[in-house]
Structure formats: C-alpha cells, structure tokens
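Student: I have a new protein model to study, and I would like to understand how its strands and rings fit together. Could you go through it with me?

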Amino acid sequence: MSDAEEAPREATGENGETEMKEEEEPNPNYKEVENLQQESKDNTLVWRESQEEERKTGEEEGEKEEEKEEEGKEDKKIVMEETEEVAGEAQEKEASGIQEETTVETQEVTESMSRLETQITDSQSITSGIFPKTQRGSKSKPSLQLEDAETDELLRGLSTQLEFLDLDQISPEEQQISSPERQPSGELEEKTDRMLQDELGRERRDLEPENREEGQESRVSDIQSEAGISRESLVSSTTEDILFERDESAPVHPLTMTWSFGWNSSLPVYYIREEKQRVLLYVCAHTAIIYNVFRNDQHHLQGHANIISCLCVSEDRRWIATADKGPDCLVIIWDSFTGIPVHTIFDSCPEGNGIRAMAMTHDAKYLATISDAEVQKVCIWKWTLAVETPACTLELPKRYGVQNYLTFNPTNNKELVSNSKTQAIYYAWYEERDTLAHSAPLLTEKTFNKLVGKFSQSIFHLNLTQILSATMEGKLVVWDIHRPPSSASTFLGFPYIKPCKLVHLQKEGITVLTTIDSYIVTGDIKGNIKFYDHTLSIVNWYSHLKLGAIRTLSFSKTPATPPTEKSNYPPDCTLKGDLFVLRNFIIGTSDATVYHLTTDGTKLEKLFVEPKDAICAISCHPYQPLIAIGSICGMIKVWNYENKQYLFSRVFEKGLGVQSLTYNPEGALLGAGFIEGTVYILDAMSLENESPEPFKYSRTSVTHISFSHDSQYMATADRSFTVAVYMLVVRNGQRVWEYLARLRSHRKSIRSLLFGVYLDSNEPRLLSLGTDRLLIEYDLLRSYKDCLEVLDIHRTDQGCYPTCMVWYPPLTRELFLLICNSGYKVKLFNATTKMCRKTLMGPAYGSPIEQTQVLPVRSTAELQKRYLVFINRDKVGLQILPVDGNPHKTSAIVCHPNGVAGIAVSYDGRYAFTAGGHDHSVVQWKITLRAFAYELRSFPNKEGTSTHAVLSSTQIQCAAAGQSQPRGSQFLFLTTSPSPCTACGSPGPLSWQCDVEEQKQLRGTFLPHRTNLIPGCQHSVPPAICQVHIFLFMADIEASTLNLNMSKNSQLNLLWNHGV
C-alpha cells in the first residue's frame, strides 16, 4: 500500500474515536445522516439540471466538460490524500469524499466492533449507492462485506469448481465478515439503507454503468486470481498441442479409463497432426480417442453416455464434433489442442433417437446434423454463439430414405449435400430468411437407361457448379446446380439440381469419395485408391497395396513437400509423366485395419489391426501384465497392458469365433471356447495348440471355461445347459488333456462355472449356477469316463434368478459363496451346507450385477481390506467389502452403453478390463482405491440428525495422494434435522463452515460459524454440549481424527465423497 493511501487512514482514525464517544448518546448522528441525505439529494438534482443544460450546448461546451472531468479526477486524488471532507458541487468530488470516509472509518474496527457497526453500515450504504468498485489493497472488514454483497450475483454464476477453490482461499475472518446476516443492525441502519440505496442506487445505475461493469470484471478477475485460475481461457491461449503433456496429479475417481483397445471401423479415422508427431482421431464405443502414434499414447474425449454415431472435424483440425445415438443424445464440440469440450448441444434431437449424419464447415462456424428419427430433421447450428436452438431446421419426407452422409460446400457455408442409398439432396441455406431450401430430384434406371446402383457418398465438384454422387456399381452421377441470378430487389427462386451425366469410372463399387488439392479421390471395395482430375480423367492409383475394402481416407493438413533430387515420388499415368506429388494420408479399411501411406517413396505402414467383430472374451495372465482378447471374427490378440504393446495374435479359420478365454492358474495354458462348440487348449506364449486336436463335444457356443487350482481339471459350459469336464493325464510319459464326461445338468442357461477347494483337503470342487435357480456341485472324484456325478443340488432363489457367483474372501471364519440375483440382492451361502446365511441389498445402478470378481491383494497387509469389481448391463463398478447393504460403499461408471460382455482383473488388482461385445472394444480401467468413497463412523441418537461434508477438488487430490490438507482448508457441513428450526419452523437445511489447522494427520478442532441460508431466519448452531470424535477411514492412509463441536442431539453420518 502506498503512503498516499495510509495517510488519510491515520487521520480519520482520530475522528473515528470521536465518533465512538458520541455514539454512546441516544442516536446523536441522526441529524448528520439527514444532512448527508439531503446533500446527496440536492447535489443529485443540481447534477441533473446541469446535465440538461449541457445537452443544449454545442461542441465547445462538451470539450469544456471533459476538461472539468479531468480536473475533477485530479482533485479527487488530492482530496483523498489531504482530508476526509465531503465537499464539491460536482458529483465526482462528492463521491470521492464518501469513498474516502468509508476507508477512514475502518481503521479502528478491531478496537470496538460493536460500537462502530452503525457508522460502518451508514458508510457502506452510501458507498454502495455510488461506487461499485472497492480498493482490493485494503483489508478493512466493511470493504470486504461491501464487496461480497455486491458480487453475490456474480458468485452464483461461477462453476462449482471455482466455488470450491475460492472457498479454500478465504480465511475464517473474511468468511465471518462476508455474510451480511451476521452483522447486527439497528433502526438507523435500516432506514439509512432503504433511503440511500433507493435514491442513490438509481443514480448509480444512471451515472456509472460503465464503471459498474468494470468493477464486476475486476472482481471476477480477483476471484479467479484467488482461486488460482488464469483470467485467460486455456482454449483461447493455447496455440500448440498440449494434450500429451503428462498429468502428475493423482486420480480423483475410483475407476479411470487409461486405454481403449479396438476402434469403431464404421466411422472415419482423421489425420489430426503430422508436423512433429503423428496424431489420429477415431472412435471407440462412446469415447473419441486422440492417438499419438509415435508416443503410443491416447487421450480420451469422454462425455457421451451413448455410442458415438457421428464424427467430423474442421479443416484446420482444431475443432472436433462428436454426436451419439440414443436417449438424451448429445452433440459435443471439442478443442483438439487441449481436449476441452467447448460447447455441448443437449436437445439436438428431442423427438428422435440421436444423430445419423453430421458435418462442419471448413471455417468451423456452422455445424449441420441429420437426426436418426423416423422423420429425419436437418438442423444447422451456430455453435460458436453457444446457442441451444438451431438456426434453421428442415424435416425430410420418408420417401427420401435414411440420409446417412452429409457434407458442406468447401467454399460456401450455405450449401450442403446429403444422400441415402437411393436419394441425393441438395440444400441451400438462406440465413436472412431462416429458410433451408432443398432439391431432391428422383433418379431411376430410366433416367439414363442404365443401372445406377446405391449411393455411397456425395461431394461438391472442384468446379463448384456440380455435385458428384458415387454408387456401389462403380459409377458417378453428375448433378448440375442451377442457381438463380442474384438480385437485390426481387427474389428469383431457390436453386435446384438436375442429373446431367452418369460416368462409369470403374468396375468395383465406390465406398469413399472425397477431394484433396486438385484431385477427386475414390476408394473401392477391392482396396484400390484412385485419383482423378476435374475432368474425371485418371491421374494415378494405388492398387498393389492389397488392402481390404476402403472405409475412410484422411489426408494430412500439411501440404506435400516439393520434390527434390532425393524425393521418390512416383510418376503419374498421364502422357507427360509428371511426378505425382501428394500429401501423406491415413487409410482405414473394413477389416478394422489402419494404415499410414507416405507418398514420397510409397511407404505403407500398418498402424494397428483390431478385431472387426464383437469382442466377448477377455482374460488376464495370473502373474504377468498380459491380457488376451478374443473376437467373434476368430482373432485372439495378446497385449502387454503396462506399456500398451501388442505382442502376438492368431486368427483361426473362418467360422471359428472366440466366445470365451481363460488362463490356467500357472499361466502356461490358455483355454478358448468357440461359438460352434469347439474347445482349444493353447500355449499361452505362442497361441499354438497344446493338444493335437481340439475338443468337439458340444454343438452350441461354449460360454464358460474354468481351470482348477492345480490345473488338473478344466470345465466348460455351453448354451445347451451342459457342463463338460476335461482332465490332465499322463500318456506315454507325456501330459495330455483328455475328455472325461459331460452332463446336461440345468434346464436354463448357465451363469457361472466355478472351481474351488475343499476345506479339509486340497482336492478341487466344481460348482455351476443357472438361471433355473439351481446351485449344483459335482463329484469329481467319483466321476469317470462319460459319467459326471452330481454331489448335491440346492435352490438359491424363489422369484428372482441368480446372475453370477464368486468365492467370498475369508474376512470371517466362515467360508461363503456370494451369489447375486436379478432383484439387486446379494446373498451369502455357506460353502459347505449351501445354507443362505445373509441377504443384503446390492449395487443398484439401473440393472442387476451380471459378473463379479474379487480384487486381488498386493500384500498381506491388505487381506482385511477387500474390494469387489462388478459389471451390470452397461457399467463397471467397485464395492467395498464386507457387504452390508450400504449404497455409499459402491461406485460405478458407464463403460459400454450397448452392453458389457465380460470382465477381467489384473493379477495385482491395479486394473480392471471390460469387453464391450458389439462395440468392438476393450477398455482398461485404473483402480484408485484412495479415491473411493469412504464412510465415516455413525453415532445414532434420538434426534436422528445427519451431517454430510462437501470437499473441494483440491482436498480430494490431496487425500488421493495421501497428503495432508493445505492450510486454510474449508469444510462445508450440511445438516438435515427432523426437528424444525426454532426460529422459523423450517426443517432446514442448516449449514456451517469449519476450518482445519495445518497438521500432519489432518487433526484440528472444527469451529462452527453460523450461516443463514433461509431469508428471515438466523439458524444458529446450539452451544457445544459435548465433543463428538469422528474417525475418518481412508484406504492405505492412517486414520485421522476430526473433532467437531455439535449439540448432543445429533447423529453424525459423514461421507468423504470424491465424486462431489
């Protein structure tokens, strides 16, 4: 603070003492306040009259007035430095005096707050009526109170994260001052507030609207600076790709997506960047993935709750748009530099079922979508304006068919073209008329007297006067665009298209049609890529690459380097034989393979090969970081999930689709069940057959494979409700697998097949569970060739059917089987007697649990801290053991919106893997137990009051990392009591904020502060009758003690919830 600011504060401190002495008399300042009000009103009237006179004067008077204003500002500074007098005929001088008085009166607040409250409140009322801005350098409590009162509306508009961060930075003293309800007020204060704020508040709005806006902006920037947030947006300030900079912060969610295996080959792959690193964009289930090829790293764009159905990018590859298909569909626009979603359209298709096609203009100003409803709707969005409604809409007749492809004219944002398999549509957007005109001429075989074929894609010709539509017969339909001449006075009609020519380009069906530079590019079902000029004459082609059907082509945004002596560009096929200089590009094929083609030298590089069909089988190695993934297409791939490296794979002959996979406990074998009933036993490291011939004892799909703990037995279950057992025997000095027996033991589908160990011996035991509500145990010792003996049969449920079972960890002396059913219940059965010992409420996340596994422990110290990983129809979740029906001990997240097919857990319990079935993906989830929801000990009583703690993101990250809380951390407690408030009769909620001192184990005494949430009532915390000690249990962290002062009639049930 400068000397000029400190000097008047010392001078006015003496006056403050004098006023405090006079305040003991019965309201002696009443006349002063009246005089002050009268002076304000008189000065206001004088100012209004002077303003009317000034309007009548000419330009010379205006210049004089500006000079006076400048002189007034200089006088204002002089007055603030020399004296506290409130004088001057001009409004600026009077306002400056009042502001000075406010600053002066706050010097001696700490000596006697109660005697100065009337004076402080009067000064605040006057100042708030004239000056919307306060000096941030001053630490006076009235100025803080004034600032918080004025910025109340601004704070309401901030995000939750900003509020939490701001809460962490405010000291307890400032919080006491920031609530106007905490300050007692008298009759004089209320009258003065009403009179001055009503009168001078109007003048402030009329006199200083610009100053008020500047004050609001400065306060927002101050709040952002206190919260540690940059005033400039990260999106607007970022000029380079910062996606793959390592984030060292601890995860704040129990399950975090770290990698996604597979990709949706029905959607395009885009070439995002090539300058310094090769970056691709593609879709996997409900997540868009930005993949850095050189660094082998992924960034996930998560935000959709349904499978992504559309994907497009801007011409400069900066902006990405994704849309999904399903209930509550979303359209999200992302910044590819930061991965931040910049805009979300929530009601893009309220009557339909999502988005079918989408396109973005080359300058990224507009976005066009076509819904997937029965009656399709075309919408154009001005997404850069952050509007929630489309700028223009058009409903398409059903006779046009399902429009599944859409693109803009690259040089005209107001023209589009779309097509279905039978109809091409041209659109012209008249923004000033709010009209989207369209032309869709009917095209039949009689139009050209030739077979046209089904349309695949349509684009605008390079000459911009024609449209080209590719067909699956290898032909191009050429449409002429007839645009009426532009006229400023009269409207001459809408443009339309007319078929003019059918060009037979090639024999193979065209699947991709696009343009790049001066070429028209096609990709066909035979894997050929051909380039044509504007006259549709062939220039060059790539037919020797031996690719599958082309699904997508994406060219680099970086132009091709000019040829040099070292260049190795191929010559084109024209008579001149010029070098064919072209940008590098990405090729995506229908067999889920992605290639990169370097045109200089024609170098084809295979980036990744993924399963092209549903993935239903996954299994983790028992002691190595390996995962085996099996697909219905017959492919088995093995990955190292620690370094995300593909190791080896095997593709079986056509017709063999992998349905189930399981490693044996030793990790040397991999059992594979196929959809036609075949069972293979493979070597885990080479995927070669371990047995000479596969086992073919089933006619239906093998759904389950399980090994015994000693790898002496292997059991399978199929869709015909049959259990088969295989045994390892020694023949001619070699260990070989032989078929033992099979039994159709169930009447309905088998949900679980499980090996165990008898308590009194080391012999294996086998159990199966079916939807027929039967739990069956088999007698392996008495079984012999072609005869599988049953030991006992028990019924598990009456109405609901069981969904899965797992061995319950030995948390108690009694050994249990945990069985989940379709009624969201979990049951504990005695492992020996099969008696139901306990029934509890299980996780309820929209559908019952379908599969579950116990999380392995990493050390013996964690044997009493066990967790359960489960999946239901579309989610993966965690459950804290022991099970007790507490819903707060579970957490789940959407993993595969269209259904989860399987789950696997790594050998060390650090990762969980989910298979998505028909979305062709497997997702790797990192498990962070420290970020899980921790329950606190409950203290019941007759009142039944419950309290919950809301924590900021900073506190969550500190807790997840095992660190102590930062100094000045704030905890907001919300209390709901069945007893109504004694003051207003309201049941609540009551709230107060508590501080924690900086100590190693988060120890401190919470001092409650009263906070009024309901107008007209001062909810107060009753005097502390007793201290209640709450023990906070955190995984892998020593228990911390929190002391909370509360009333005796209270029940504490605090939740440390990292999802807040």
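Tutor: Happily! Keep in mind that this is a predicted model. A good place to begin is strand E26 (residues 550-555), which is joined to E27 by five bridges.

Student: In which sense do E26 and E27 run, and what stands opposite Phe-555 in E27?

Tutor: Strands of a sheet pair through backbone hydrogen bonds, either parallel or antiparallel. E26 and E27 run antiparallel. Within E27, the residue opposite Phe-555 is Phe-585.

Student: Which residue of E28 is the bridge partner of Phe-585?

Tutor: E27 also pairs with strand E28 (residues 593-598), in the antiparallel sense and over four bridges. The two strands form a hairpin with three residues between them, and Ala-592 in that turn has a positive phi of about 60°. Across this pairing, the E28 partner of Phe-585 is Leu-597.

Student: How many residues of strand E27 are buried?

Tutor: Look at both faces of E27 in turn. Phe-585, Ile-587 and Thr-589 are buried on one side, and Ile-586 and Gly-588 are buried on the other. For strand E27 (residues 585-589), the number of buried residues is therefore five of five.

Student: Is the ring pair of Tyr-519 and Phe-531 stacked or edge-to-face?

Tutor: A pair of aromatic rings is described by the distance of the centres and the angle of the planes. The model has 31 aromatic pairs. For Tyr-519 and Phe-531, the centres are 6.3 Å apart and the planes stand at 80°. Planes over 60 degrees apart have their own class, so this pair is edge-to-face.

Student: How many residues apart are Tyr-519 and Phe-531, and are they buried or exposed?

Tutor: Tyr-519 is in strand E23 (residues 519-524) and Phe-531 is in strand E24 (residues 529-532), twelve residues apart. The cut-off for buried is under 20% relative accessible area. Tyr-519 has 16% and Phe-531 has 0%, so Tyr-519 and Phe-531 both count as buried.

Student: Which residues are linked into a cluster by ring pairs?

Tutor: Two members are the rings we just discussed, Tyr-519 and Phe-531. Phe-585, the residue opposite Phe-555, belongs to the cluster too. The full list is Tyr-519, Phe-531, Tyr-542, Phe-555, Phe-580 and Phe-585.

Student: Which charged residue sits over the ring of Trp-429, and how far is it from the centre?

Tutor: Here we look for a charged end over a ring. Over Trp-429 it is that of Lys-414, and its distance from the ring centre is 5.2 Å.

Student: Why is strand E41 largely enclosed, and how many residues join it to E42 in the hairpin?

Tutor: Six of the eight residues of strand E41 (residues 750-757) are buried, so the rest of the structure largely encloses E41. Seven bridges connect E41 with strand E42 (residues 764-770), and the two run antiparallel. One of the partnerships is Ser-752 with Leu-769 in E42. The hairpin joins E41 to E42 through six residues.

Student: Which strands stand at the edges of the open sheet of four strands?

Tutor: The order in this sheet is E10-E11-E12-E13, with antiparallel pairing. Each edge strand has a single partner strand, so one side of it is left without a neighbour in the sheet. The edge strands are E10 (355-360) and E13 (392-395).

Methods: Residues are numbered from 1 along each chain as its sequence is written. This is a predicted model: local features need pLDDT of at least 70, side-chain atom pairs count only at pLDDT 80 or more; totals for chains, interfaces and linings use all residues. Side-chain values use heavy atoms; hydrogens and water are left out. Rings of Phe, Tyr and Trp (its six-membered ring) pair if their centres lie within 6.5 Å; planes under 30 degrees apart count as stacked, over 60 as edge-to-face and the rest as tilted. Buried means under 20% relative accessible area, exposed over 50%, partly exposed in between (1.4 Å probe, protein chains only). A charge sits over a ring if NZ of Lys or CZ of Arg is within 6 Å of the ring centre and within 35 degrees of the ring normal. Two strands pair if DSSP finds at least two bridges between them.
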